Amino acid sequence: MIELAGVTKRYGEKVVVDDLTFTVRPGCVTGFLGPNGAGKSTTMRMMLGLDRATAGHVLIDGEPYARLDEPLRRIGALLDAKAMHGGRSAYDNLRCLALSNRIPVQRVDEVLQEVGLGEVARKRPKGFSLGMGQRLGIAAALLGDPEIVMLDEPVNGLDPEGIHWIRTLMKRLAAEGRTVFVSSHLMSEMALTADHLVVIGRGRLLADTGMQEFIDANSRSFVRMRTPEPEKLRDALAAAGITATENPSGAFEVTEAPAERLGELALEHRVPLHELSPQHASLEEAFIALTGEAAEYRTGAFSSADAAPSAVANAPQTTETES
Ligand SMILES: Nc1ncnc2c1ncn2[C@@H]1O[C@H](COP(=O)(O)OP(=O)(O)OP(=O)(O)O)[C@@H](O)[C@H]1O
């Protein structure tokens, strides 16, 4: 378990992590999301004692990282896959890590096999592809067989097979009762992997909630209807007291009634339908709706007005400007 209480990090005048309090629990995959520059890596570095918090504290299974006995056996992390010594073989990199952390050296072969680098164990990481480097970083994180695994953007550079592999690995680690904390910008991947989400924007906590609850709370579900006789559908809906919005392509969007009720209503009024489809928002839509205002760097293509109305209404206030 990882517990953060009031964790704040300032660089000069700039507050990059602002009073974060949340707990990462065992037995599930917790996704850590936030726009570029939100403070995710800084938070992870503070969890590992690599950066000192300006205020507040982080506890790893009840203790600060610095006080952990044999820390690699408690928490394994991938923060920067390029941190390996490029001139030393993959095997030697991990062997040094094992020896300095009193981890049996045979574990090196086990983890290299596990991440699919068994055949290149004697090769130097400087010749590795981005994906191979990520796998080696993950091998290092798993070396001590830790109860807590923390991965910063682990799918960076991985091909589809590699992405599938890391997803399966994280789910297995969580199913074994371990604590898995992972950051990623790939929303579709996160939606498939994480059970729980912690979302930050400009260093502040925006959400700490289950995956489905997050999507439900930050997006709008509706039923889309298309008909060649819009006048008739308008009348039928109005007669039933149901409000619909019509989008520029001519489709009707209804939030007030389920698809079953709308289908029956159309039948009753003899309105031909070309489409009757419930629409559920994706994690990506919910994420953009929640973090749009908090994004430090974004293109002009998105404004909060593009977000679903209910999504904007549900988002916490994040309108203060950065110092
Ligand atoms: N050593 C430092 N000195 C000053 N500012 C820093 C330092 N490290 C990070 N920052 C700033 O802190 C903010 C948060 O950075 P951080 O890398 O933690 O964000 P992130 O959420 O991981 O971003 P990304 O998704 O782009 O990796 C950024 O504005 C960054 O410029």
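This briefing covers a ligand shell, two sheets and two helices.

The model is predicted: local features need pLDDT of at least 70, side-chain atom pairs count only at pLDDT 80 or more, and totals for chains, interfaces and linings use all residues. Residues are numbered from 1 along each chain as its sequence is written. Helices (H or I, at least four residues) and strands (E, at least two) are DSSP runs, numbered from the N terminus. Strands count as paired if DSSP finds at least two bridges between them.

**Ligand shell**

- Tyr11, Val16, Gly34, Asn36, Gly37, Ala38, Gly39, Lys40, Ser41 and Thr42 surround the ligand. A residue is near a molecule if its C-beta atom, placed from the backbone, lies within 6 Å of it.
- The shell holds three nonpolar, six polar and one charged residues. Here Ala, Val, Leu, Ile, Met, Phe, Trp, Tyr, Cys and Pro count as nonpolar, Asp, Glu, Lys and Arg as charged, and the others, Gly among them, as polar.
- Helix α1 (residues 40-47) gives the most to this shell, with three residues.

**Helix α1**

- Lys40, Thr43, Met44, Met46 and Met47 of α1 are buried. Buried means that 20 or more other C-beta atoms, placed from the backbone, lie within 10 Å of the residue's own.
- Seen down the axis of α1, its buried residues fall within an arc of 160°, so they line one face of the helix. The arc is that of the directions from the helix axis to the C-beta atoms.
- Gly49 follows α1 and has a positive phi, near 70°.

**Three-stranded sheet**

- This open sheet has the order β2-β1-β4, with antiparallel pairing.
- Its edge strands are β2 (14-24) and β4 (55-60), and each pairs on one side only.
- Neighbouring strands are turned by 20° against each other on average, direction ignored. Axes are lines fitted to C-alpha atoms, for helices over the stretch in contact, and angles run from 0 to 180 degrees between N-to-C directions.
- Strand β1 (residues 2-11) runs antiparallel to β2, joined by seven bridges. Ile2 has Val24 as its bridge partner in β2.

**Four-stranded sheet and α10**

- A sheet of four strands is also open, in the order β11-β12-β10-β13, and its pairing is antiparallel.
- The edges are β11 (245-246) and β13 (275-279), each pairing on one side only.
- Five bridges pair β10 (residues 222-226) with β13 in the antiparallel sense. Met225 has Leu276 as its bridge partner in β13.
- Helix α10 (residues 259-268) lies across β10, β12 (252-254) and β13, at about 165° to β13. Contact means C-beta atoms, placed from the backbone, within 7 Å.

Conventions:
Buried ≥ 20, exposed ≤ 12 C-beta atoms within 10 Å, placed from the backbone. Contact = placed C-beta atoms within 7 Å.
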